[in-house]
Amino acid sequence: MKYFKKFENIFFINGFNRGMIIDPQRGNYEFVPNELIDFVNNYENTILTKECKIEYKEFIDYLNQNEFCYLSKTKEKYFPKIEIIYKNPSFFENAIIEINNKIEIKKIFSTLEKI
């Protein structure tokens with residue numbers, strides 16, 4: 001018995017007509033049928049039965065060959081979930097400064113540092 005697992009750095013996205021698998025680490029993306037994305041979402045971290053392996057053989061082979069998913073003997077998670085929400089501890093990230101001859105640059109930076 002093997003568990004069906006996906007790599008956490010691979011993103012499976014359902015679309016209107018077709019889905020997309022995005023591998024940002026390799027700079028790769030592939031368009032696939034939505035049924036493939038549904039299969040991954042429905043069977044992730046579950047044991048694949050013989051009937052399931054036969055029915056979805058093409059999907060499983062495709063995902064294994066392209067290293068999008070793998071089969072594991074253990075349920076243990078080796079790849080923690082990647083949080084895709086960007087958090088910035090700064091109050092602001094950037095500033096647009098218009099400079100003319102009357103403004104001192106040192107004063108501008110000291111004001112920004114205070115903020």
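The following paragraphs lead through a predicted model, beginning with a pair of strands and moving on to a pair of helices.

Following the chain from its start, we can look at strand β3, which covers residues 19–23, and strand β4, which covers residues 28–32; these two strands pair in the antiparallel sense, and five bridges join them. One of the pairings can be found by locating G19, whose bridge partner in β4 is V32. Between the two strands of this hairpin lie four residues, and in the hairpin G27 takes a positive phi near 70°.

Let us turn now to the helices. Two packed helices are described by the angle between their axes and the distance between the axes. For helix α1, made of residues 34–43, and helix α3, made of residues 57–65, the axes come within 11 Å and cross at roughly 80°. Since angles of 65 to 115 degrees count as roughly perpendicular, α1 and α3 are therefore roughly perpendicular to each other. On the side of α1 the contact is made by E35, L36, F39 and V40, while on the side of α3 it is made by F59, I60, Y62 and L63. Sorted by class, the residues in this contact of α1 with α3 are seven nonpolar and one charged, with no polar residue.

A last residue to find is Q65, which lies in helix α3. Is Q65 buried or exposed? Because exposed means over 50% relative accessible area, Q65 counts as exposed with its relative accessibility of 65%. Measuring from C-alpha to C-alpha, the reader will find Q65 and L36 14 Å apart in space, while in sequence they are 29 residues apart.

Definitions and conventions. Residues are numbered from 1 along each chain as its sequence is written. This is a predicted model: local features need pLDDT of at least 70, side-chain atom pairs count only at pLDDT 80 or more; totals for chains, interfaces and linings use all residues. Side-chain values use heavy atoms; hydrogens and water are left out. Axes are lines fitted to C-alpha atoms, for helices over the stretch in contact, and angles run from 0 to 180 degrees between N-to-C directions. Angles under 35 degrees count as roughly parallel, over 145 as roughly antiparallel, 65 to 115 as roughly perpendicular and the rest as oblique. Contact means heavy atoms within 4.5 Å. Ala, Val, Leu, Ile, Met, Phe, Trp, Tyr, Cys and Pro count as nonpolar, Asp, Glu, Lys and Arg as charged, and the others, Gly among them, as polar. Two strands pair if DSSP finds at least two bridges between them. Buried means under 20% relative accessible area, exposed over 50%, partly exposed in between (1.4 Å probe, protein chains only).
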